[in-house]
Amino acid sequence: MAKKSVWSDNRFWQRSATWVTGFASILLIWLTFDTSAQIAMGNDQDLKDGVTKRVPGPTVINYKITYEMDAKRGHEVPVIGEKEKFFGRDDYSEEEAGALLHLGKLGSQAKNCMDCHTLLGNGAYYAPDLTKSWLDPAWGPDGAMQALTGKNTKEEAIAEFLQHPDQYPTHARMMPDLGITAEEAKGLVAFLKHMSSIDTNGFPRNFGRMQGAVNGK
Ligand code: HEC
């Protein structure tokens, strides 16, 4: 009888397929649990205790968020600092902050921000990436966008812009007026602030070295 090569043996391929499928399934299950633990949202107590969570709890809006270079990881990471007023308050409860974020999230879906912008990797690149837009220096105390809106805080400046983007044109593309109300704008800004506090492994790349993501800077 002629010796059959292992490569043409059906059983060899069947067994390989079974092992590879089995191994891949176990790996995927393990990765799913590992990821779920990593992205589970923190809470107010974590923030009070200074426990770093990849996705901080909603009350992160009561704190100052900065973006600092982490030499070991080779990219910027959000750093949660001292208390900071957000629309005049720094004592939002977990429920209040959660309700604001919920309002913002619904608003972002209703007005389809992703049609033009990218949020956490999803969306379009017609307009600036919004993942870290809260940290865009253009909205800070010395930023061109804050000056343009005539407001004295970052949150008020962004909220004003969101309600009347066509009144603050830069030389870049213009954001259309989407009929966003003052209440919706407040929720959207809370949503943007919370999103900026999420540790996204440096995504989007090079944001920290940009000269203000918006062209008004
Ligand atoms: C039809 C496209 C479009 C839609 C939809 C849209 N935007 Fe914009 N947005 C733009 C453009 C274009 C700019 C840049 C404006 C400029 O540079 O003058 C912009 C700028 C911004 C900025 C400033 C970005 C930065 O990095 O400083 C924010 C914040 C923003 N948009 C939020 C939103 C939110 C929140 C929504 C959804 C509720 C939304 N946008 C929906 C087009 C859009």
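Let me begin with K111, which is partly exposed, with 15 other C-beta atoms within 10 Å, and which lies in the loop between α3 and β3. This is a predicted model, and everything I describe this morning should be heard with that in mind. Leaving aside residues up to four places away in sequence, K111 touches L178 and I180, while the C-alpha atoms of K111 and G57, which are 54 residues apart along the chain, are separated by 24 Å.

From that loop I would like to step back into α3 and ask how it sits against α6. Two packed helices are described by the angle between their axes and the distance between the axes. Here the axes of α3 and α6 come within 7 Å and cross at roughly 100 degrees, and because angles from 65 to 115 degrees count as roughly perpendicular, α3 is roughly perpendicular to α6. On the α3 side the contact involves L100, L101, L103, G104, K105, G107 and S108, and these meet E184, K186, G187, L188, A190, F191 and H194 in α6. By class, the residues of this contact divide into 6 nonpolar, 5 polar and 3 charged.

Now to α6 itself, which runs over residues 182–196. Does its length agree or disagree with what one expects of a helix? At 1.5 Å a residue, its 15 residues should span 21 Å, and the end C-alpha atoms are in fact 21 Å apart, so the two agree. The helix is also mostly covered, with 13 of its 15 residues buried. In the segment after α6 we find P204, and the peptide bond leading from F203 to P204 is cis, with omega near -10 degrees.

The next helix to consider is α5, which is likewise described as mostly covered, since 9 of its 10 residues meet the criterion for burial, namely 20 or more other C-beta atoms within 10 Å. Those buried residues are K154, E155, E156, A157, I158, A159, E160, F161 and L162, and what covers them includes α4, residues 144–149, together with α6.

That brings me to the ligand, around which there are 29 residues, the closest being C113, C116, A127, T170 and M175. Which elements give two or more residues to this shell? They are α3, residues 94–110, and α5, residues 154–163. In terms of class, the shell has 17 nonpolar, 8 polar and 4 charged residues.

Let me finish with some individual loop positions, beginning with backbone geometry. F87, in the loop between β2 and α3, has a positive phi of about 50 degrees although it is not a glycine, and this residue is partly exposed, with 15 other C-beta atoms within 10 Å. L120, placed in the loop between β3 and β4, also has a positive phi in a residue other than glycine, with a value near 50 degrees, and L120 is partly exposed, having 14 other C-beta atoms within 10 Å.

Finally, is P169, in the loop between α5 and α6, buried or exposed? With 12 C-beta neighbours inside 10 Å, P169 counts as exposed, because the exposed class takes in residues with 12 or fewer. P169 and W30 are 139 residues apart in sequence, and from C-alpha to C-alpha they lie 49 Å apart in space.

Definitions and conventions
Residues are numbered from 1 along each chain as its sequence is written. This is a predicted model: local features need pLDDT of at least 70, side-chain atom pairs count only at pLDDT 80 or more; totals for chains, interfaces and linings use all residues. A residue is near a molecule or strand if its C-beta atom, placed from the backbone, lies within 6 Å of it. Helices (H or I, at least four residues) and strands (E, at least two) are DSSP runs, numbered from the N terminus. Ala, Val, Leu, Ile, Met, Phe, Trp, Tyr, Cys and Pro count as nonpolar, Asp, Glu, Lys and Arg as charged, and the others, Gly among them, as polar. The expected span of a helix is 1.5 Å times one less than its number of residues. Axes are lines fitted to C-alpha atoms, for helices over the stretch in contact, and angles run from 0 to 180 degrees between N-to-C directions. Angles under 35 degrees count as roughly parallel, over 145 as roughly antiparallel, 65 to 115 as roughly perpendicular and the rest as oblique. Two residues are in contact if their C-beta atoms, placed from the backbone, lie within 7 Å.
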